Amino acid sequence: MNRPQLCSRRHFLHANGYSLGTLALASLLEKEGLLAAPVKPESVTGETRYDLKPKKPHFEPTAKAMISLFMMGGPSQMDLFDPKPMLTKYHGQKFPGEIKYDNLAQASAKCFGSPWKFAKHGQCGMEISELLPNLSKVVDEITLIRSMTSGVSNHAQGLYAMNAGRITAGRPALGSWLTYGLGSETDELPSYMVLSHPNGLPTFSGEHFTNGWLPSLFQGTLVRATEPRILNLDPPASLAGAPQQRQLDLLKAFNEDHLALHPGELDLQARISSYELAAKMQVAAKEALDISKEPEYVRKLYGVDNPITKDYATRCIIARRLVERGVRYVQVLNAGQSWDQHGSLITALPKNCEATDQPSAALIIDLKQRGLLDTTVVHWGGEMGRLPVLQNDAGREKWGRDHNTYGFSMWMAGGGFKKGYVHGETDEFGHKAIIDEVKHYDYHATLLKTFGLDHTKLTYKRNGLAASLTDNQGAKVVDQLLA
């Protein structure tokens, strides 16, 4: 029979000294009122509260809202925005330099000249591909950045960089930072809304609109492409009307009593705000997401009458309706990685452009007509671009391009960005940014400035440290992009 081992007082104190001592010290410090206050996050104004009420920016903003047309997969810059005659001249010949491939199995060193022509458009003379005839009509409203970089040729890490500031997962998305810092101008709709494609979400789905370690109140609200656009919005018939309101009033009373007993419980504040918002959305969201009463000329402008553009046109109209009603940030997503043309680029890229070009340009026109473009940033771009060499060299119909994050293009319009302006250059083959490089965190710092936010001061304290969107990466505001 095993006998229990005797434990002397000395052994007991030796084995448990660290934990007992820590508990005793904490207890004594608490009695003496000497415990440090727990680290809590602060809003832009220094207040500690979680809600969507409007908050003052650091300085006067030029933008109040943003619509991000996010093209997951990596649109090909040398086929859309960045003409390269030298690449065309050397088509089929060996690329005269080093290439960093992401997919070595299908890699080739042959130059791939663009099959499409470029022409100058607008008073600014911006060169745009024939694949984007509608965007070509509004180039005098946009800033085209041809020197974007994030430095990592991988979809997930590129997405994290462009959408959340670093190449690591689990961080708050841009929309969450904006709503955390500024709140909303509506108390009937979420401040951050995400419009998905009928075929589903992009790769990495919810990571596009995650609140990360910010409170859940600042997470993006997903809007489906088909009815019901927001799930579980309606109460059961037995609870509709007065019964539901009595339940909500009772719940609010319980929560407020609990909050009074536990002041400073920021998660509870956020939960109360979420319940109140959900009740108001039952009416406001349905009205905002319904385009049936939009005038015929608006529907025609966006292309709702065309089966090819109908879906994207509908979602762009909804995006405009949302910012019109005070929503801070709207992101319009594609399905999967539909711009990721490793093969069949010659047929796939025109299809992408045909579905999105007219609605994207119409959004700029419509916002301008309504006097909203000056205060609404419109963004068009993905997490990367493409390489200047052939991938999948197995016949013209199978040609594609591999990933490239060392020099790619995207455009911005409205909200304080310059009009009719081209920024930066890539090398003569379109591989790497060589003039006025804009790193992803520089873009974020610049964008936050248009909203009146200093990227070094928009912080959230976690684990004793002040975390931010640009997160001590040496980000700089690119003032050349701003009007």
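User: Buried means under 20% relative accessible area, exposed over 50%, and partly exposed in between (1.4 Å probe, protein chains only). So how many of the eleven residues of α11 are buried?

Analyst: You're looking at a predicted model, where local features need pLDDT of at least 70, side-chain atom pairs count only at pLDDT 80 or more, and totals for chains, interfaces and linings use all residues. Residues are numbered from 1 along each chain as its sequence is written, and side-chain values use heavy atoms, with hydrogens and water left out. The buried residues of α11 include His-440, Asp-442, Leu-447 and Thr-450. The rest of the structure largely encloses α11, as the number of buried residues is ten.

User: What share of the whole chain's residues counts as buried?

Analyst: The protein chain has eleven helices (H or I, at least four residues) and 19 strands (E, at least two), taken as DSSP runs and numbered from the N terminus. Of its 483 residues, the share that counts as buried is 50%.

User: Back to α11: at roughly what angle does it cross α4?

Analyst: Helix α4 covers residues 155-164, and helix α11 covers residues 440-450. Ala-161, Met-162, Asn-163 and Ala-164 of α4 make the contact (heavy atoms within 4.5 Å) with His-440, Tyr-443 and His-444 of α11. The two are roughly parallel, a label for angles under 35 degrees (over 145 is roughly antiparallel, 65 to 115 roughly perpendicular and the rest oblique). Their axes, lines fitted to C-alpha atoms over the stretch in contact, come within 8 Å and cross, on a scale of 0 to 180 degrees between N-to-C directions, at roughly 25°.

User: How far apart are the axes of α9 and α10?

Analyst: Here α9 is residues 310-324 and α10 is residues 345-369. Tyr-312, Ala-313, Cys-316, Arg-320 and Val-323 in α9 meet a set in α10 that includes Ala-355, Pro-359, Ser-360 and Leu-363. The helices pack at an angle of about 25°, and their axes are apart by 8 Å.

User: Leu-69 is in a strand, so which α9 residue has its C-alpha atom 8.7 Å from that of Leu-69?

Analyst: Leu-69 belongs to strand β1, residues 65-70, and is buried at a relative accessible area of 0%. Beyond its neighbours within four places in sequence, Leu-69 has contacts that include Tyr-312, Ser-360, Leu-363 and Trp-380. The 8.7 Å separation is to a residue 247 places away along the chain: Cys-316.

User: What is the relative accessible area of His-208?

Analyst: His-208 sits in the loop between β6 (192-195) and β7 (221-223). Apart from neighbours within four places in sequence, its contacts include Phe-70, Leu-159, Asn-163 and Gln-331. His-208 is buried, and its relative accessible area is 0%.

User: Which proline follows a cis peptide bond?

Analyst: Most peptide bonds are trans. The bond in question starts at Glu-227 and has omega near -10°. It leads into a residue in the loop between β7 and α6 (242-261), namely Pro-228.

User: Asp-436 and Asp-471 both have a positive phi, so which of them counts as buried?

Analyst: Most residues other than glycine have a negative phi. Asp-436, with phi of about 55°, is in the loop between β16 (433-435) and β17 (438-439) and counts as partly exposed at 41% relative accessibility. The other one has phi near 50° and lies in the segment after β19 (465-468). At 14% relative accessibility, the buried one is Asp-471.
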